[in-house]
Amino acid sequence: MKKITVILLLTALLFSIISCGEKESPPAYLPSVRYDGQIIPDRMVLTTYSDGPGDGDTPEAFKTAGEIIASDLDKISFTKIENKKLELVNGSDKNADFSIVFEGIYTEKGEKTEYTEAGMSSLPSGRYVISARVQKKMNDREENYYLFAGVEKQ
């Protein structure tokens, strides 16, 4: 009788371990600029948000990406790069939806260059700031950001 009870308890425990719980979700990550597959340091600046019935703007909402770069250059980290792949990567999170859109490539003075997203990996020597617009949606809240990632090519 004791053996049957132990077997039944172990069987019940095994089934509860296998069938209970939420399936593991993929790891979450924010939208980013990646260099050779690695996330490089960036700065995200909130511009606008909507929270159910209320909307809001930050002071940066009325500035262009170039104006923010020119005034906040000391807050942007620069990563030394070579001739490897630079790309924008969208974020992933089970609690939020992200979208990332290329804004432009700027000089340190905030002047927009003619380089496109397709040409990011082949920038000439110099220091540049890659800019993108990021939108984050979760439940009743929506947030809009500028993303800035500094790169320095030798």
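Where is Thr-79 found? Thr-79 belongs to strand E5, and we'll come back to it in one of the close-ups below. One thing to keep in mind for every view: this is a predicted model.

**Figure 1. The whole chain has two helices and nine strands.**
Start with the overview before zooming in. Walking along from the N terminus, you meet the elements in the order α-β-β-β-β-α-β-β-β-β-β. The protein chain has 154 residues, and 35% of them count as buried. Its accessible surface comes to about 9,800 Å², with 54% of that belonging to carbon and sulfur atoms. Now take the contacts between residues at least 6 apart in sequence: 68% of these join residues at least 24 apart.

**Figure 2. Thr-79 sits in strand E5 and is buried.**
Here is the residue from the opening question. Thr-79 has a relative accessibility of 16%, so it counts as buried. What does Thr-79 touch, if you skip residues up to four places away in sequence? The list is Ile-40, Pro-41, Gly-150, Val-151 and Glu-152. Two of those names return later: Val-151 in the largest nonpolar core and Glu-152 in a salt bridge.

**Figure 3. The largest nonpolar core holds 21 residues.**
Which of its members touch the most other members? They are Val-33, Leu-86, Leu-88, Ile-105, Met-120, Ile-130 and Val-151. At least two residues of this core come from each of strand E1 (32-35), strand E6 (86-89), E7, E8 and strand E9 (141-153). There is another core apart from this one, with nine residues, including Ala-65, Ile-69, Ile-76 and Phe-148. Back in the largest core, have a look around Ile-105. Leaving out neighbours within four places in sequence, Ile-105 is in contact with Glu-111, Lys-112, Thr-113, Tyr-115, Thr-116, Met-120, Leu-123, Tyr-128, Val-129 and Ile-130.

**Figure 4. Ile-100 is a buried residue of strand E7.**
Its relative accessible area is 18%, and buried means under 20%, so Ile-100 makes the cut. Ile-100 and Ala-132 are 32 residues apart in sequence, but their C-alpha atoms are 6.5 Å apart in space. Ala-132 is also one of the residues that Ile-100 touches. The others, not counting residues up to four places away in sequence, are Pro-31, Ser-32, Leu-88, Val-89, Asn-90, Arg-133 and Val-134.

**Figure 5. Tyr-115 and Tyr-128 form an edge-to-face aromatic pair.**
A search of the whole structure turns up two aromatic pairs, and this view shows one of them. The ring centres of Tyr-115 and Tyr-128 are 6.0 Å apart, with 85 degrees between the planes. Tyr-115 lies in the loop between strand E7 (97-106) and strand E8 (126-138), while Tyr-128 lies in E8 itself, so the pair ties together parts that are 13 residues apart in sequence. Are the two tyrosines buried or exposed? Tyr-115 is partly exposed at 25% relative accessible area, whereas Tyr-128 counts as buried at 8%.

**Figure 6. Arg-43 and Asp-72 meet in a buried salt bridge.**
The count for this model comes to eight salt bridges. In this one the distance from N to O is 3.2 Å, and both residues are buried. Arg-43 is in strand E3 (residues 43-51) and Asp-72 is in helix H2 (residues 65-72), so the pair ties together parts that are 29 residues apart in sequence.

**Figure 7. Lys-84 and Asp-36 link distant parts of the chain.**
This salt bridge has an N to O distance of 3.8 Å. Lys-84 comes from the loop between strand E5 (78-81) and E6, and Asp-36 from the loop between E1 and strand E2 (38-39), 48 residues apart. Lys-84 counts as partly exposed at 37% relative accessibility, and Asp-36 as partly exposed at 46%.

**Figure 8. Arg-127 has a salt bridge with Glu-152 and a ring under its charged end.**
The closest N and O atoms of Glu-152 and Arg-127 are 3.6 Å apart. Glu-152 lies in strand E9 and Arg-127 in strand E8, so their pair ties together parts that are 25 residues apart in sequence. Both belong to a network of salt bridges along with Lys-80 and Glu-108. The charged end of Arg-127 also sits over the ring of Phe-78, 3.8 Å from its centre. Arg-127 is partly exposed, at 31% relative accessibility. Elsewhere, the charged end of Arg-34 sits over the ring of Tyr-29, at 5.2 Å from its centre.

Terms used
Residues are numbered from 1 along each chain as its sequence is written. This is a predicted model: local features need pLDDT of at least 70, side-chain atom pairs count only at pLDDT 80 or more; totals for chains, interfaces and linings use all residues. Side-chain values use heavy atoms; hydrogens and water are left out. Helices (H or I, at least four residues) and strands (E, at least two) are DSSP runs, numbered from the N terminus. Buried means under 20% relative accessible area, exposed over 50%, partly exposed in between (1.4 Å probe, protein chains only). Contact means heavy atoms within 4.5 Å. Accessible areas come from the Shrake-Rupley method with a 1.4 Å probe; for residues, only the protein chains shown count as cover. Rings of Phe, Tyr and Trp (its six-membered ring) pair if their centres lie within 6.5 Å; planes under 30 degrees apart count as stacked, over 60 as edge-to-face and the rest as tilted. A charge sits over a ring if NZ of Lys or CZ of Arg is within 6 Å of the ring centre and within 35 degrees of the ring normal. A nonpolar core is a set of buried Ala, Val, Leu, Ile, Met, Phe, Trp, Tyr and Cys residues joined through side-chain atoms within 4.5 Å. A salt bridge is a side-chain nitrogen of Lys or Arg within 4 Å of a carboxyl oxygen of Asp or Glu.
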